[in-house]
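Q: I'd like to learn how to read backbone oddities in a model. Can we go through a few together?

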Amino acid sequence: MSNVEKEPAAVRCGAADETGGTPRTEVLTPRAVPLGGPRAMTVRRTLPQRSRSLIGAWCFADHYGPDDVAETGGMVVPPHPHTGLQTVSWLFSGEIEHRDSLGSHAFVRPGELNLMTGGHGISHSEVSTAATTLLHGVQLWVALPDEHRHTGSAFQHHVPAAVRVDGAEIRVFLGSLAGETSPVPTFTPLLGAEILLEPGAVVSLAVDPAFEHGLLVDHGDVRLGDTRLRPAELGYHSPGTRTLTLTNDSPDTARTVLLGGPPFGEDLLMWWNFVGRTNEDIVRAREDWTNGTRFGEVTGYDGARLPAPELPNVPLKPRGRPH
């Protein structure tokens, strides 16, 4: 998904210093971001923000729906570029048609991972299908480490099996959890999993103590340890623990998404759909997209590609660093 804000802010991202002290949990609340147009669907963005811009290499998290596409018009994102990152598409309901400049033509469906590597440069379009009535899911970005951020573009699809652990059903789409390991390779250690919690369930999961974790609540009355999270909030847990305990205090099944990874050891600069290291990286990427170079072309999409926003008249500066 494109970041289609008309005036996207530059964000300097870097790992927080969580190497010492007692592991702690903080609550990140989302901000609403309309994707454009009079019937725009609105996403809830929890990453990046001023207080925390990264969880491991996870650098962007949009949570949307359930949206009645008869009212919102669904998702229609024209061809747009990405560089220096990977996109992770994960749906709870609905269906999205994906086309990219590699020639990939695929569908994003509930419980199925679509991972696209931007690397040096890729472009793609995303359109909800005519069969979709309710559109509901998350769109996530992963920052590539400096040594791999110019890697070749790629597209991967994976359908993880559902695993039962006590009162939870878990689908591990990246990394390892609950004895399951995704076969999809990543450029840094990562964890990504959807976790459904039965009413009243208390589930303890063994995790890597070197990881920081974020638990995004889609719906339900959920606690991460002793910290209560409301729907659309993300509970951040710093490194240093070997077990995460999730509790569903609601009378219905709760849905969550667990993200994790070791603190990202590099600073990076994000603007629009680009992840770089310097102002010059971003300027060059925008020029290449505007000039029709580097990012290739998406065939099969009926319409014009998405134009890049105007850069500010001054060099991009960080909007703030994480704690």
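Q: Where is Ala178 found?

A: First, the ground rules: this is a predicted model, where local features need pLDDT of at least 70, side-chain atom pairs count only at pLDDT 80 or more, and totals for chains, interfaces and linings use all residues. Residues are numbered from 1 along each chain as its sequence is written, and side-chain values use heavy atoms, leaving out hydrogens and water. Helices (H or I, at least four residues) and strands (E, at least two) are DSSP runs, numbered from the N terminus. With that, Ala178 sits in the loop between β16 (176–177) and β17 (180–181).

Q: What is the phi of Ala178?

A: Positive, about 55°, although Ala178 is not a glycine.

Q: And is Ala178 buried or exposed?

A: Think of three bins: buried is under 20% relative accessible area, exposed is over 50%, and partly exposed is in between (1.4 Å probe, protein chains only). Ala178 comes out at 30% relative accessibility, so it counts as partly exposed.

Q: Which residue in the segment after α2 (279–291) should I look at?

A: Try Arg294. Arg294 isn't a glycine either, yet has a positive phi of about 75°. Its relative accessibility is 23%, so Arg294 counts as partly exposed.

Q: How do I read omega for the peptide bond from Gly65 to Pro66?

A: That bond is cis, with omega near 5°. Pro66 lies in strand β5.

Q: Which residues does the cis peptide bond with omega of about -5° join?

A: Leu47 and Pro48. As for location, Pro48 belongs to the loop between β4 (42–47) and β5 (58–68).
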